[in-house]
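Trainee: Got a minute to go through this one with me? I'd like to start from a single residue and work outwards.

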Amino acid sequence: MPELMSTGHADRLRCVAGEAIFAEGDRDACLYLIERGKVRVGRHDGIDRECLFTVLGPGEIFGEESVFDPGPRSSNAIAMTDVEAVSLRRAGLMPLLIARPEMSQRFMRILARRIRSTSSNITDTVYADVAARVAKHLLGLAQRFGVQHDGAMRVPMDLTQEQFAHLVGSSRESVNKVLCDFASRGWIAVGRDTLLIRESEPLAARMHGARRRVNHRPHPAR
């Protein structure tokens with residue numbers, strides 16, 4: 001980070017909750033590193049529906065596609081909470097990546113993980129039922145943002161119910177039905193702005209059970 005800041009092509013950024021960091025069609029050639037807060041990245045259909053790709057937190061980057069492949073932004077990035085980040089412009093980053101191959105390798109690993117995650121989410125959307133996808137995203141949020149609390153995992157839910165449903169890739173009604181089912185089984189407890197995961201193993205079994213069914217699906221006869 002000191003090297004990046006010394007290039008003169010890096011800036012500190014502060015956003016309040018709800019503020020757009022960039023929007024579809026923007027042409028800024030920057031990537032962003034989150035130091036504090038959470039950011040959601042997705043697209044809008046031009047009316048009121050959002051396709052939510054991911055939720056990111058401290059230590060994670062976003063917006064890299066416009067640095068490595070300059071062009072109009074294909075997504076929106078919105079601050080979910082107050083956010084502090086560093087913006088890195090292409091003009092300063094690319095020379096460093098050329099001079100420091102280990103930095104390039106780290107970025108390639110990040111991009112490879114993004115590709116794997118995207119492929120997994122597409123597969124889940126096609127084959128896994130809503131309950132399996134809800135379980136997957138609950139465990140993912142818990143792993144990244146959860147805090148241990150009295151033997152359970154407390155997960156801050158900065159997403160609205162509608163936004164969480166968009167992240168799952170289903171309707172709000174279907175996702176709420178699944179959450180109520182999980183709560184009735186004692187696996188979770190849903191609060192106003194937090195969610196408590198009491199039993200993670202049944203959630204993991206629900207998620208992986210659906211994946212096993214997909215992986216063991218017989219190939220069609222040729």
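**Asn76 and its sheet**

Mentor: Sure: the side chain of Asn76 makes a polar contact with the side chain of His44, at 3.0 Å. A polar contact is a pair of N or O atoms within 3.5 Å; within protein, one must be able to donate a hydrogen and the other to accept it, and residues adjacent in sequence count only if both atoms are side-chain atoms. Mind that this is a predicted model, where local features need pLDDT of at least 70, side-chain atom pairs count only at pLDDT 80 or more, and totals for chains, interfaces and linings use all residues. Residues are numbered from 1 along each chain as its sequence is written, and side-chain values use heavy atoms, with hydrogens and water left out.

Trainee: Is Asn76 buried or exposed?

Mentor: Asn76 is buried, because its relative accessibility is 9% (buried is under 20% relative accessible area, exposed over 50%, partly exposed in between, with a 1.4 Å probe and protein chains only).

Trainee: Which strand is Asn76 in?

Mentor: Strand β7, residues 76-79 (strands are DSSP runs of E, at least two residues, numbered from the N terminus).

Trainee: And what order do the strands of the open sheet take?

Mentor: β2-β7-β4-β5, 4 strands with antiparallel pairing; strands pair if DSSP finds at least two bridges between them. β2 (20-22) and β5 (50-56) are at the edges with a single partner strand each, so one side of each has no neighbour in the sheet.

Trainee: How many bridges link β2 and β7?

Mentor: They pair over 2 bridges. Phe22 has Ala77 in β7 as its bridge partner.
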